[in-house]
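Here are some notes on the model, set out as numbered points. Please read them alongside the sequence and the coordinates.

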Amino acid sequence: MSPKTPIYEGKAKKLFEGPEPGTLIAHYKDDATAFNNKKKGTIQGKGIINNKISEFLMSRLNDMGIPTHFIRGINMREQLVRAVDIIPLEVIVRNYAAGSFAERFGAFEGESLGSPMTEFCLKDDRLGDPFVGEDHIFAFGLAQPEEIDEIRHYALRINDFLSGLFYAHGIRLIDLKLEFGRFYEGDIELIVLADEISPDTCRLWDLNTNDKMDKDRFRRDLGKTEEAYREVARRLGVLPNVSVVETASFGETATASAKPVKKAVKAKAPAKAKAKAKAPAKAPAKAKAPAKAAAKAKPKAAPKKRK
Ligand code: AIR
Ligand code: ASP
């Protein structure tokens, strides 16, 4: 087999040239970072778990008409995706106060926000992914107003769908971070969901115990991080034999280089669809009333600032 051509290496994934024009192979690593890349580590088996979880969730979203970059799974660590022009925004949807939101507004982690809330951050590690409003987005030319409308619409719809899906598996979706890309079909530009959806990019709490089942375990040194990731995969039924994660190094690629080579390009378009988003089902057991803008309460455990 000829070595794959590296395109880019990020913090959690490597990208290689795909078999057809306009496609890329996304290779999921075990590397973990937090706080603007300041904290680095490894979560054993994370690449396999996140690849499989993201593959499963993106497929479900594709099925319900949300356009995503996901094409098909390749092996335990790799999936084929459409090459898209990534919009340099982190789109965060929050259902409950947590993390930087709880810190900023002095809210208790776990307080319901009443209805889902979207936030945008500039995707720039060096600047610490600063919070941006629509005026910044338009002034900096990061996206057009119609694109932001569409992104917001998709983000809320994705959040609504995933909240229900996780809930059915005994998991509360506290918040999540999404990334979108532009994808061209001839002259027509489409917005598609890109990157990944996994315990690296979502806050997931056990429905009954409120135990954290996501990257906060790594960020906050809570221990049992591998176990939490495996448990999410087990509940979603994406790794029937989870013990495989403890030993396997499927899809490891000896040819990957650490250097960004070039940016992703365009490919073919998936279908579009529209619908309305709903509020999450109900508040966690220990949550208080909706945090009205800035809640009076002090943060229970003020998390450190993420990157
Ligand atoms: N996130 C933000 N940057 C990278 C990631 N993965 C995710 C977090 C959390 C949400 O965005 O994992 O699910 C909000 O993060 P924060 O720190 O702003 O509260
Ligand atoms: N962008 C941060 C990092 O990987 C995300 C986080 O804290 O999760 O460094």
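**Notes on the predicted model**

1. Asp200 has 25 C-beta neighbours inside 10 Å, so this residue counts as buried; the cut-off for that label is 20 or more. The structure is a predicted model, and the remarks below should be read as remarks on a prediction. Asp200 is placed in the loop between β13 (188-194) and β14 (202-206).

2. What does Asp200 touch, leaving aside residues up to four places away in sequence? The residues are Ala12, Asn50 and Lys215. With Ala12 the separation along the chain is 188 residues, while the two C-alpha atoms are 9.0 Å apart. Asn50 belongs to the stretch 46-63, which is helix α1.

3. For the chain as a whole, the model has seven helices and 14 strands. Of its 307 residues, 42% count as buried. Taking contacts between residues at least 6 apart in sequence, 68% join residues at least 24 apart.

4. The largest nonpolar core holds 67 residues. Within this core, Phe180, Leu193 and Leu204 have the most contacts. As background, nonpolar side chains in soluble globular proteins tend to be buried together. Leu193 touches Phe180, and its other partners include Leu61, Ile66, Pro67, Tyr154, Ile158 and Leu178, with residues up to four places away in sequence not counted. Thr68 and His69 are also among the residues that Leu193 touches.

5. One open sheet is made of five strands in the order β1-β2-β3-β7-β6, with antiparallel pairing. Its edge strands are β1 (6-9) and β6, each of which pairs on one side only. From one strand to the next the twist averages 25°.

6. At the β1 end of the sheet, β1 and strand β2 (residues 13-17) run antiparallel and are joined by three bridges. The two strands form a hairpin, with three residues between them. Two pairs give the register: Tyr8 stands opposite Leu15 in β2, and Glu9 has Lys14 as its bridge partner in β2.

7. Where β7 is concerned, there is a partner on each side in the strand order. With strand β3 (residues 23-28), β7 pairs in the antiparallel sense over five bridges, and Ile25 has Leu80 as its bridge partner in β7. With strand β6 (residues 70-73), the pairing is again antiparallel, over three bridges. Phe70 is opposite Val81 in β7, and the hairpin from β6 to β7 passes through four residues.

8. Why is strand β7 (residues 78-82) described as largely enclosed by the rest of the structure? The reason is that four of its five residues are buried. Helix α1 (residues 46-63) also lies across β3, β6 and β7, and runs at about 130° to β6.

9. Helix α1 also packs against α6: the angle is about 35° and the axes are 10 Å apart. The crossing of these two helices is left-handed. On the α1 side, the residues that meet α6 are Lys46, Ile49, Lys52, Ile53 and Phe56. Their counterparts in α6 are Tyr229, Arg230, Val232, Ala233 and Leu236.

10. Helix α6 (residues 225-236) has 12 residues, and its first and last C-alpha atoms are 17 Å apart, close to the 16 Å expected at 1.5 Å a residue. Buried residues in α6 are Thr225, Ala228, Tyr229, Arg230, Glu231, Val232 and Ala233. Arg230 and Glu231 are thus in the buried set, and Arg230 is also one of the residues that meet α1. Just after the helix, Gly237 takes a positive phi of about 75°.

11. Last, a proline in a strand: is Pro116 buried or exposed? Pro116 has 21 C-beta neighbours inside 10 Å and therefore counts as buried. The residue is located in strand β10 (residues 112-122). Between the C-alpha atoms of Pro116 and Ala155 the separation is 10.0 Å, with their positions 39 residues apart along the chain.

Key:
Residues numbered from 1 in each chain as written. Chains lettered and ligands numbered in written order. Predicted model: local features only at pLDDT ≥ 70, side-chain atom pairs only at ≥ 80, totals over all residues. Expected span 1.5 Å × (residues − 1). Buried ≥ 20, exposed ≤ 12 C-beta atoms within 10 Å, placed from the backbone. Core = buried A, V, L, I, M, F, W, Y, C linked by C-beta atoms within 7 Å. Contact = placed C-beta atoms within 7 Å. Pairing = 2+ DSSP bridges. Axes fitted to C-alpha atoms, helices over the stretch in contact; angles between N-to-C directions. Left-handed = near helix turned anticlockwise from the far one by under 90°.
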